[in-house]
Amino acid sequence: MPERPEILSTARPTAIRLWGFLFLVVGAVVTGIGALMDWATLGFPGDERGALDVAVKGVDVWEGKVVLASAVLALVGMIAMRLAQRTGTRRALAFGIATLGALVISVALSVAIRAEARLGGSEGLDELAGGLAERLGEDPGAVRAQLERQYGEQLRVDLGPGVAVAIVGGVLIDVGGALGLLWVRQRAEAPAAPGQAEASPTP
C-alpha cells in the first residue's frame with residue numbers, strides 16, 4: 001500500500017529532508033537570478049569608452065532560457081517528490097532534480113568556456129545590433145548593416161557575472177537532488193509504522 005504524501009506529514013522533518021529542501025529552493029532561486037543577470041557585454045575592440053556596448057542577459061540566449069526552465073522544473077520536481085506516494089517515483093524525481101542541476105552547470109560552463117566563439121561573430125553582431133536599434137529606435141537590420149560595414153564582425157566579449165551565479169545555483173540544485181536521493185533511501189529503509197505498510201518501490 002502506498003504511503004501518504006510526504007507533504008501532508010506533520011512529523012518533524014529529518015535533517016536530510018530539511019537540508020535537501022533548503023539547497024533546492026536556494027539553488028533554484030540563485031539559478032533563476034543568474035539567468036536574468038548579464039551573461040556578457042558585447043562591444044567593439046576600438047570602442048574604448050564602451051559607447052556601443054550592449055549587455056546580453058542569460059534569457060537573451062537559448063542557454064539562459066534552458067537554465068531558467070531548469071530552475072523552475074527543479075522546484076516543480078521537489079513538490080512532486082513530496083506528493084509522490086511510491087518510493088520508485090520519489091527516487092526518479094530526486095534523480096531528475098540532480099540531473100537538472102548538472103544540466104545547469106554544463107550549459108553555463110559551456111558559455112563561460114567558449115564565450116568568444118558563442119557570443120562573438122555573426123550571432124553576437126545580431127545581438128549588438130538589436131540592442132543598439134532598441135536604444136536608438138531604429139531598424140535592427142539597418143543598424144546591423146551599418147555596423148558590419150564599419151567594424152566587420154570583430155567583437156569584444158566580456159563575460160558577465162550571471163554565468164557564475166547560474167553555475168553556483170546549479171551546484172546547489174545538484175546537492176539538493178543528491179540529498180533527495182538520500183532522503184528517499186532513508187525512508188525506504190525505515191521500519192514501517194504499526195498498522196501501516198511500507199511503501200514498495202515501483203518496478
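In what order do the elements of the chain run from the N terminus on? They go α-β-β-α-α-α-α-α-β-α. Keep in mind that this is a predicted model.

First, the overall picture. The chain has 7 helices and 3 strands. It holds 203 residues, and 39% of them are buried. Now the contacts. Take those between residues at least 6 apart in sequence: 77% of them join residues at least 24 apart. The accessible surface comes to about 10,600 Å². Carbon and sulfur atoms account for 64% of that surface.

Next, helix H1. H1 covers residues 15-36, which is 22 residues. How far apart should its ends be? At 1.5 Å a residue, the expected span is 32 Å. The end C-alpha atoms are 32 Å apart, so the two values agree.

Which residues of H1 are buried? The list is Arg17, Gly20, Leu24, Gly27, Ala28, Thr31, Gly32, Gly34 and Ala35. Around the axis they cover an arc of only 155°, so they sit on the same side of H1. And what do they pack against? Two strands, to begin with: S1 at 38-43 and S2 at 54-57. Then three helices: H2 at 62-83, H3 at 87-113 and H7 at 161-189.

On to those two strands. S1 and S2 pair in the antiparallel sense, over 4 bridges. One detail for the viewer: aspartate 38 has lysine 57 of S2 as its bridge partner. Now look along S2. Which side chains are buried there, and which are not? Val54 and Val56 point to one face and are buried. Ala55 and Lys57 point to the other face and are not buried. That fits a general pattern: in a regular strand, side chains alternate between the two faces of the sheet.

Last, back to H1 for the aromatics. How many aromatic pairs does a search of the whole structure find? The search finds 1. The pair is tryptophan 19 with phenylalanine 23; the ring centres are 6.2 Å apart and the planes stand at 45°, so it counts as tilted. Stacked would need planes under 30 degrees apart, and edge-to-face over 60. Why are the two about one helical turn apart? Because they are 4 residues apart in helix H1.

Are these two rings' residues buried or exposed? Tryptophan 19 has 47% relative accessibility, so it counts as partly exposed. Phenylalanine 23 has a relative accessible area of 25%, and is partly exposed too. The cut-offs here are under 20% for buried and over 50% for exposed.

Key: Residues are numbered from 1 along each chain as its sequence is written. This is a predicted model: local features need pLDDT of at least 70, side-chain atom pairs count only at pLDDT 80 or more; totals for chains, interfaces and linings use all residues. Side-chain values use heavy atoms; hydrogens and water are left out. Buried means under 20% relative accessible area, exposed over 50%, partly exposed in between (1.4 Å probe, protein chains only). Contact means heavy atoms within 4.5 Å. Accessible areas come from the Shrake-Rupley method with a 1.4 Å probe; for residues, only the protein chains shown count as cover. The expected span of a helix is 1.5 Å times one less than its number of residues. The arc is that of the directions from the helix axis to the C-beta atoms. Two strands pair if DSSP finds at least two bridges between them. Rings of Phe, Tyr and Trp (its six-membered ring) pair if their centres lie within 6.5 Å; planes under 30 degrees apart count as stacked, over 60 as edge-to-face and the rest as tilted.
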